[in-house]
Every structure is written in structure tokens, then in C-alpha cells.
Amino acid sequence: MTVSVEPASVRTSEKPSNEPLRPHAEHAFADELAALAAQDDRPRPARWKLSPWAVATYLLGGTLPDGTVITPKYVGPRRLVEVAVTTLATDRALLLLGVPGTAKTWVSEHLAAAVSGDSTLLVQGTAGTPEEAIRYGWNYAQLLAHGPSRDALVPSPVMRAMAEGMTARVEELTRIPADVQDTLITILSEKTLPIPELGQEVQAVRGFNLIATANDRDRGVNDLSSALRRRFNTVVLPLPESVEAEVDIVSRRVDQLGSSLELPSAPDGIDEIRRVVTVFRELRDGVTSDGRTKVKSPSGTLSTAEAISVVTNGLALAAHFGDGVLRAGDVAAGLLGAVVRDPATDRVIWQEYLEAVVRERDGWTDFYRACREVSV
């Protein structure tokens with residue numbers, strides 16, 4: 001099975017574009033946000049750019065009364081999005097929980113963009129995230145020259161969000177050390193950030209809230225304390241319910257990424273996407289789509305995000321190192337890399353799946369041969 005795409009062209013005479021490789025949501029979808037704001041006549045919470053209804057429409061997509069089409073940013077249960085948006089309109093913080101690849105970060109960014117018009121007040125959680133990243137730090141040149149003062153204080157994204165009534169984001173909360181996590185308890189319960197060095201505090205103004213994301217699949221995870229978890233309303237983002245839903249998600253994101261990377265379009269790439277998604281779902285679920293054959297699951301998560309990466313990489317291979325036709329061989333190498341994370345066990349699982357399932361599937365001969373070629 002092949003998919004025709006336009007061959008890549010070499011633009012040696014054009015000047016390099018200064019556009020960002022990955023614009024923030026509020027810039028990438030500025031026209032849609034402006035259209036929603038212009039036609040949004042529903043009540044808005046303090047300092048919100050849109051009403052809760054308009055925020056949900058921005059995420060889920062729809063058609064406005066003037067005919068403007070709002071593209072879906074998230075494909076999933078509407079009720080989950082409504083609960084998430086409503087939470088941000090209360091005094092409780094929002095925790096987006098789910099396995100890797102369920103669009104937690106994507107949803108977090110778009111929620112902040114729609115609510116506050118700014119998704120950049122971000123703390124990226126890692127094992128080395130210090131307390132200062134959540135509270136505040138100091139400009140040491142100013143500190144040494146003049147001592148502790150507000151001029152010497154460097155506010156964190158959370159502190160700025162509190163002072164300005166904005167939405168802050170904390171990504172991968174469970175990767176942050178437990179004692180640093182608990183810095184958020186006072187902020188979320190009292191809506192106050194003490195500055196003991198100055199004998200002052202920052203009180204959150206109306207409009208402030210916080211979105212955190214977390215998963216419990218990766219190694220090195222720090223469980224949330226019960227005291228901190230109580231400060232959040234938790235929304236669990238599930239994996240796509242059906243093949244069609246996952247194919248739709250992958251198709252949309254591949255199209256968006258391909259456009260930003262100036263890759264040729266693949267209007268008929270749905271067939272290749274469906275094959276990648278089918279493989280991921282079967283290995284993830286431990287059973288073939290018809291329910292007849294059980295298969296072993298590899299150690300990786302095989303998430304929707306990884307499927308997007310495999311297809312995008314295949315499209316780039318076809319464009320830059322092929323004849324512009326997306327073939328099974330273009331996605332096979334990326335698929336192998338996504339499935340085989342532990343060479344000792346995953347390679348055996350992958351080989352068994354190829355021989356027991358892919359080899360016997362009608363219309364998949366080219367796919368089987370391509371995967372066998374890169375697997376030896």
C-alpha cells in the first residue's frame with residue numbers, strides 16, 4: 001500500500017523564516033481565539049479572556065454563528081473538558097492525570113491560552129526542580145549590593161500568575177521531589193505566597209489558578225502527598241476509545257506538525273496512519289483488533305504521541321530521502337524504535353507479533369517485509 005505525497009522542493013533562494021518552530025497556542029490559534037472572544041456573550045470569570053463555554057468550544061471544536069470553524073484541539077469525552085474548565089473557574093487547582101501520550105500537556109497549554117491568553121507561565125517538573133522554581137529566587141548581584149528587596153527578588157511563573165490573576169502550569173508534577181511539591185500547599189490552600197526574607201507576602205488576585213499534569217507510569221515518580229492531592233480536582237485523561245478516534249488525533253497532529261516543518265502534505269496518508277495506530281493499539285492492549293489472538297505487550301507505553309512521531313518521521317523520510325511516496329519502509333524503522341525499548345525482551349515480543357499477526361494479515365505483505373528488513 002502506497003500513499004502519494006508531493007515531492008519536497010529545495011528553496012535555496014529563499015531567506016530562512018524567523019517564525020518559531022513551535023508557536024505557543026495563543027499565537028498559533030490567535031484567529032480562532034479572537035473569533036470566539038468577539039462572539040462570546042456569556043459571563044466570564046474575573047480576568048478570563050473567554051467564558052467557560054467558549055473555552056470548551058475552543059478545545060473541542062465547533063462552528064460559530066458567523067460560520068467560523070473552530071478546529072478541535074482535543075478529541076475525547078466532552079464531559080471531561082467541561083469538568084476541567086469548570087474547575088479552573090473555582091478556587092481548586094486542576095490536576096490532569098493519565099498515562100504518557102494522553103495529551104495532558106497539550107490540553108494544559110490550550111486551557112491556559114484560552115483562559116488567560118498566555119500559556120508561558122510554566123514550571124517544567126524534573127528530578128532537579130528546586131523550590132525556587134515554584135516560589136521565587138534572587139538576583140544575587142542585587143542581593144549582595146543592596147540586600148534583600150523586591151528589586152532583588154526574581155518571581156517564579158507561579159508567583160507572577162498569582163500577582164496578575166493568570167493561569168500557571170506545572171508540568172510533570174510527580175517528577176518534582178516531594179518536599180518541593182509541598183511548596184504548593186500554602187499557595188493552593190491559602191492563595192498566599194510568603195516572602196519571609198522581606199516580611200511580606202504575595203496574595204493571589206482573582207483569576208489565578210493552576211494546572212498541573214502528572215502520570216504514574218514512568219520510573220522515578222514521586223507520589224503526591226495526600227495533603228497536596230486534596231488541593232486538586234483530578235481529571236483523568238483516557239487513551240482514545242477507538243481506532244477511528246486515535247486515527248483522527250494522529251492525522252490532525254501530523255498535518256499540523258508537517259505544516260510547521262514545511263513537509264509535503266500527504267492527503268491520502270490515512271491508510272498508513274491506520275496501520276501504525278492498529279499496531280500500537282494491539283501491542284498496547286495485548287490482543288488483536290478482532291479479539292482472536294492474544295499478543296505480548298512490550299515495555300514501552302506506545303502512546304498516541306509516539307504514533308504521531310512515527311508517522312511524521314516517515315513523512316520526512318519519504319520527502320527528503322525518497323521519491324515523495326510514503327511507503328511501509330518509511331514508517332517501519334520508527335515503529336521498531338518505538339516498540340523495542342528493552343532490546344532483551346521487546347525484540348522477542350516484536351518478532352513474535354510480526355510472525356503471528358502481521359505476516360498473516362491480508363494487504364500487509366509490504367509492511368511485514370519492511371519491518372522484517374529493519375528488525376534483523
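**Exercise 1. Find the volume of the second largest pocket, and state which residues and helices line it.**

Solution. The second largest pocket has a volume of about 560 Å³, where a pocket is, on a 1 Å grid over the protein atoms alone, an open set of points with protein on both sides within 12 Å along at least five of seven lines, and lining residues have an atom within 4 Å of a point. Its volume is the space filled by probe spheres set on the points, which are joined across faces, edges and corners. The model is a predicted one, in which local features need pLDDT of at least 70 and side-chain atom pairs count only at pLDDT 80 or more, while totals for chains, interfaces and linings use all residues. Residues are numbered from 1 along each chain as its sequence is written, and side-chain values use heavy atoms, with hydrogens and water left out.

Next, take the lining, which comprises 19 residues, of which Leu21, Arg22, Pro23, Gln256 and Ser260 lie nearest the centre of the pocket. At least two residues each come from α1 (25-28), α5 and α11, with helices being DSSP runs of H or I of at least four residues and strands runs of E of at least two, numbered from the N terminus. The largest share, five residues, belongs to α11.

**Exercise 2. Decide whether Glu109 and Glu131 are buried, partly exposed or exposed, and list what each touches.**

Solution. Begin with Glu109, which lies in helix α5 (residues 104-116). Glu109 has a relative accessible area of 4% and is therefore buried, given that buried means under 20%, exposed over 50% and partly exposed in between, with a 1.4 Å probe and protein chains only. Leaving out residues up to four places away in sequence, Glu109 touches Arg22, Pro23, His24, Ala25, Ser119 and Arg169, contact being heavy atoms within 4.5 Å. Arg22 and Pro23 are also among the residues nearest the centre of the second largest pocket.

Turn then to Glu131, found in the loop between β5 (122-124) and β6. Because its relative accessible area is 35%, Glu131 is partly exposed. Beyond residues up to four places away in sequence, Glu131 touches Val180 and Thr183, and its C-alpha lies 9.3 Å from that of Asp182, although the two residues are 51 apart in sequence.

**Exercise 3. Identify the largest nonpolar core and trace the surroundings of Ile187 within the fold.**

Solution. A nonpolar core is a set of buried Ala, Val, Leu, Ile, Met, Phe, Trp, Tyr and Cys residues joined through side-chain atoms within 4.5 Å. The largest one has 35 residues, and those with the most contacts inside it are Val158, Leu173, Ile187, Leu210 and Phe232. Among the elements giving two or more residues to this core are α7 (157-164), α9 (184-190) and β9 (192-195).

For Ile187, set aside the neighbours within four places in sequence; the contacts that remain are Ile134, Val158, Met162, Thr192, Leu193 and Phe208.

Thr192 leads on to the strands, since its bridge partner in β10 is Gln203. β9 and β10 (residues 200-203) pair in the antiparallel sense over four bridges, where two strands pair if DSSP finds at least two bridges between them. They form a hairpin with four residues between them, and Gly199 in the turn has a positive phi of about 65°.

Note on methods:
On a 1 Å grid over the protein atoms alone, a cavity is a set of points where a 1.4 Å probe fits but cannot get out, and a pocket is an open set with protein on both sides within 12 Å along at least five of seven lines; lining residues have an atom within 4 Å of a point.
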